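I opened my notebook for a new structure today. Here is what I looked up, entry by entry.

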Amino acid sequence: MPKRQPEHDEFADIRAGVRALCAKFPGEYWRALDRERAYPTDFVKALTEAGYLAALIPEDFGGSGLSISAAAAILEEVHASGGNGAACHAQMYIMGTILRHGSDAQKQRYLPKIASGDLRLQAFGVTEPTSGTDTLSLRTTARHEGDHYVINGQKIWTSRAEHSDLMLLLARTTPREQVNKRTDGLSVFLVDMRLAQGTSMTITPIRTMMNHATTQIFFDDLRVPAENMIGEEGKGFRYILSGMNAERILIAAECIGDAKWFIDKATRYAKERVLFERPIGQNQGVQFPIARAYAQMRAAELMVREAARKYEAGGDIGPEANMAKLLAADASWFAADMCVQTHGGFGFAEEYDVERKFRETRLYQVAPISSNMILSYLAEHVLGLPRSY
Ligand SMILES: Cc1cc2nc3c(=O)[nH]c(=O)nc-3n(C[C@H](O)[C@H](O)[C@H](O)COP(=O)(O)OP(=O)(O)OC[C@H]3O[C@@H](n4cnc5c(N)ncnc54)[C@H](O)[C@@H]3O)c2cc1C
């Protein structure tokens, strides 16, 4: 990174540890996987064995009981090192739904194995092809039959489903027209995909712009034991929402990591590349976009830290978690574009990693929540503007 005053960072040791781990997985590693659209199995194994993916699981359940700020530092460093946490970041936070809303028996049964990595809970089945962002219109149903629920329907963009043992699934247990509140009637299930795959559940990979192990899933009379429901029937939407703030903060931290990587890469290149007998970085036309990207990244970083601090203090952090995600995604996307421009033609060459990271960071304008939805939330819930939908 550019010259600056050293700051006190309480996560300096964690950051150094993650950086050392990531150094074993350089650009060539990610490039080869990108070409094949292959899963970074060795990287995920290394992160798991080092305990980083169990950061948020309390020590009583075998995790390290760290704060969300520490978890954010871990994911930020993965991205600032040129890697990508999307293959496994959900292992860190999906379990939060069990931790906050699960029964004691569910916590005892699942959390220690998730902490050790023996169980992978990194598939999150919410989005559907017809409902998209309009989650309350989802159509997948769960019908109560004796001691089971029977699931029918379809999910899309269920990432990492082929690399997960369990999936957290949101399905409708009461028809929409029979509930009093729009947000009632949806329930959350922990689906053991090892038992279901190939019979009542079909997973099909979706090839995407970047290397992202995402899929669509069909459920055809999938039987899930009633004991796998999390919390109360009909209250699932609330449980999912409560987990989304953590997800937004952590993904915002990944965006900050991406922005730092782009700024560092561009700064170094602008100093080294000599044209017209001077480094291109001596031209203000090249300097200013890099400086602007840096300022935007620092501002977004402050919001991510503030959101994490408020999350740790408890209370409503919807506005901060959403603003952190919005600003960090914008900062990483601006930095990505700047980095391509700084590199000129080489920004498009695979071996520089710039084009790969550029494609990867584009996702965060859309997922896990698109920027429009955040603006709409802020307009309506923070500023009191009229409801638009
Ligand atoms: C690679 C990838 C991985 C993903 N992983 C997961 C996952 O693991 N689990 C999961 O459940 N989902 C996942 N998603 C889904 C992701 O959360 C959604 O794509 C995202 O929320 C947007 O929904 P949509 O794609 O259905 O877009 P749509 O809802 O169809 O929206 C299309 C566009 O219209 C805009 N729009 C819609 N309504 C409004 C409005 N009222 N006002 C203004 N603008 C509006 C949106 O902002 C968007 O830009 C993933 C998506 C991708 C691409």
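**Around the ligand**

I began with the shell around the ligand: ten of its residues are nonpolar, twelve are polar and none is charged. For these classes, Ala, Val, Leu, Ile, Met, Phe, Trp, Tyr, Cys and Pro count as nonpolar, Asp, Glu, Lys and Arg as charged, and the others, Gly among them, as polar.

I noted that this is a predicted model, where local features need pLDDT of at least 70 and side-chain atom pairs count only at pLDDT 80 or more, while totals for chains, interfaces and linings use all residues. Residues are numbered from 1 along each chain as its sequence is written.

In all, 22 residues surround the ligand (C-beta atom, placed from the backbone, within 6 Å of it). The closest are V126, G132, T133, W157 and S370.

Which helix gives the largest share of the shell? I found α13, with three residues (helices are DSSP runs of H or I, at least four residues; strands are runs of E, at least two; both are numbered from the N terminus).

**Domains**

I looked up the division next: domain 1 (12-116), domain 2 (121-236) and domain 3 (238-382), with bounds from an automatic or database domain assignment. Domain 2 and domain 3 each give the shell at least three residues. Their centres, taken over C-alpha atoms, are 31 Å apart.

**Helix α4**

I checked how covered α4 is, and eleven of its 13 residues are buried (20 or more other C-beta atoms within 10 Å of their own, all placed from the backbone). Among them are I68, L75 and H79.

Key:
Buried ≥ 20, exposed ≤ 12 C-beta atoms within 10 Å, placed from the backbone.
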